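Me: Here's a model I'd like to go through with you. I'll ask where the labels come from, and you give me the reasoning.
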Amino acid sequence: MALHFKYDQARRRFVEWAHNEIAVVPDFHKRILCSDEAHFWLNGYVNKQNCRIRSEANPQVYVETPLHPEKLFGALYGLVESFFKNDESHNVTVNGDRYRAMITYFFIPELNNHDVQELWFQQDGATCHTARATIDLLKDTFGDRLISRFGPVNWPPRSCDLTPLDYFLWGYVKSLVYADKPQTLDHLEDNIRHVIADIRPQMLGKVIENRTSRLDYIRASRGSHMPEIIFKM
C-alpha cells in the first residue's frame, strides 16, 4: 500500500503541474513531443514489457510462443518514426548509446523546421532514457521543457495512461500490422510504416484532447489509474 501511495502522490503532483500549464497555455498538450519504443514480434506475440497488468491478485495467463521469435524494435520520437538497427542492418534493442544517437542524428535535425522554444519533450523512466548523458543532451535542446525522470519536470512512474503512445498508438498499430500475416521482418516493418503514415491528423487531435479528460479523472481520483489501464505487479 505504501508503494501505491508513493506512485499516486507523484501522479497527483504531475497532474496539478499539468493543469497549471494548461491554465496558462490552453493548447499545452499539443506542444509535447512524446518518446517511446515498442517491440513488434513477427509472430504477433505481445511483449509483456509493453503490456502491463495492474491487479491485487496475479492473473493466471499462459501464452504459447516460439523460443526465439524474430522481432523489430520500433521507436517514435514526436517527429521521427524509426527502427533500431546496427551497422549490418540487423535489428537490435535500444540502449543509452543508440537512444542518444537517434536523438542526435535523426530527431534533433527534424526540429530545425519547428520553433523549439514552443515545444516540450516527454519520455518515460526507461534506463536508456534517463542516463545522465541523455538528460544532458535533451536539456541542451529543450532546457527546462523536459518531462522525464531526473528531468526538470518529473514524469511519474507507472503512468502509461497519460502517454498517447501507450494508451493509443502502440495498441492501434499492433491491431492492424498483422492483418495480412507478414512472414518477414521487412514486410512487418513496411506494415508499421504504412499504418503510422495513414493515421489522420483528426484522429491524433482527438487522442491528444483525450489527455485532458485523463488528467481530470486522475485529479478527481487522487492519483488512481484509469479503469481501462491494466498493469502487472
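Me: What makes Cys34 buried?

Reply: This is a predicted model, and in it Cys34 has a relative accessible area of 9%. Buried means under 20%, so Cys34 gets the label.

Me: And why is Cys160 called buried?

Reply: By the cut-off of under 20%: its relative accessible area is 17%, so Cys160 counts as buried.

Me: How many disulfides does the structure hold?

Reply: Zero. To be counted, a pair of cysteine sulfur atoms would have to lie within 2.5 Å.

Me: Ser159, then: why is that one buried?

Reply: Ser159 has 3% relative accessibility, so it counts as buried under the 20% limit. You'll find Ser159 in the loop between β5 (146–147) and α5 (164–174).

Me: What does the side chain of Ser159 reach?

Reply: The backbone oxygen of Pro157, at 3.3 Å. The limit for a polar contact is within 3.5 Å.

Me: How do you know that the span of helix α7 agrees with its 20 residues?

Reply: At 1.5 Å a residue, α7 (residues 201–220) should span 28 Å, and its end C-alpha atoms sit 30 Å apart, so the two agree.

Me: Which residues of α7 are buried, and what puts them on the same side?

Reply: Val207, Arg211, Arg214, Leu215 and Ile218 are buried in α7. They cover an arc of only 100° around the axis, so they share one side of the helix. The face turned away from that buried side carries exposed Gln202, Lys206, Glu209 and Ala220.

Me: What follows α7?

Reply: Arg222, with a positive phi near 55°.

Methods:
Residues numbered from 1 in each chain as written. Predicted model: local features only at pLDDT ≥ 70, side-chain atom pairs only at ≥ 80, totals over all residues. Heavy atoms only, no water. Helix = DSSP H or I, 4+ residues; strand = E, 2+ residues; numbered from the N terminus. Buried < 20%, exposed > 50% of the residue type's maximum accessible area, 1.4 Å probe, protein only. Polar contact = N/O pair within 3.5 Å; in protein donor to acceptor, adjacent residues only side chain to side chain. Expected span 1.5 Å × (residues − 1). Arc of directions from axis to C-beta.
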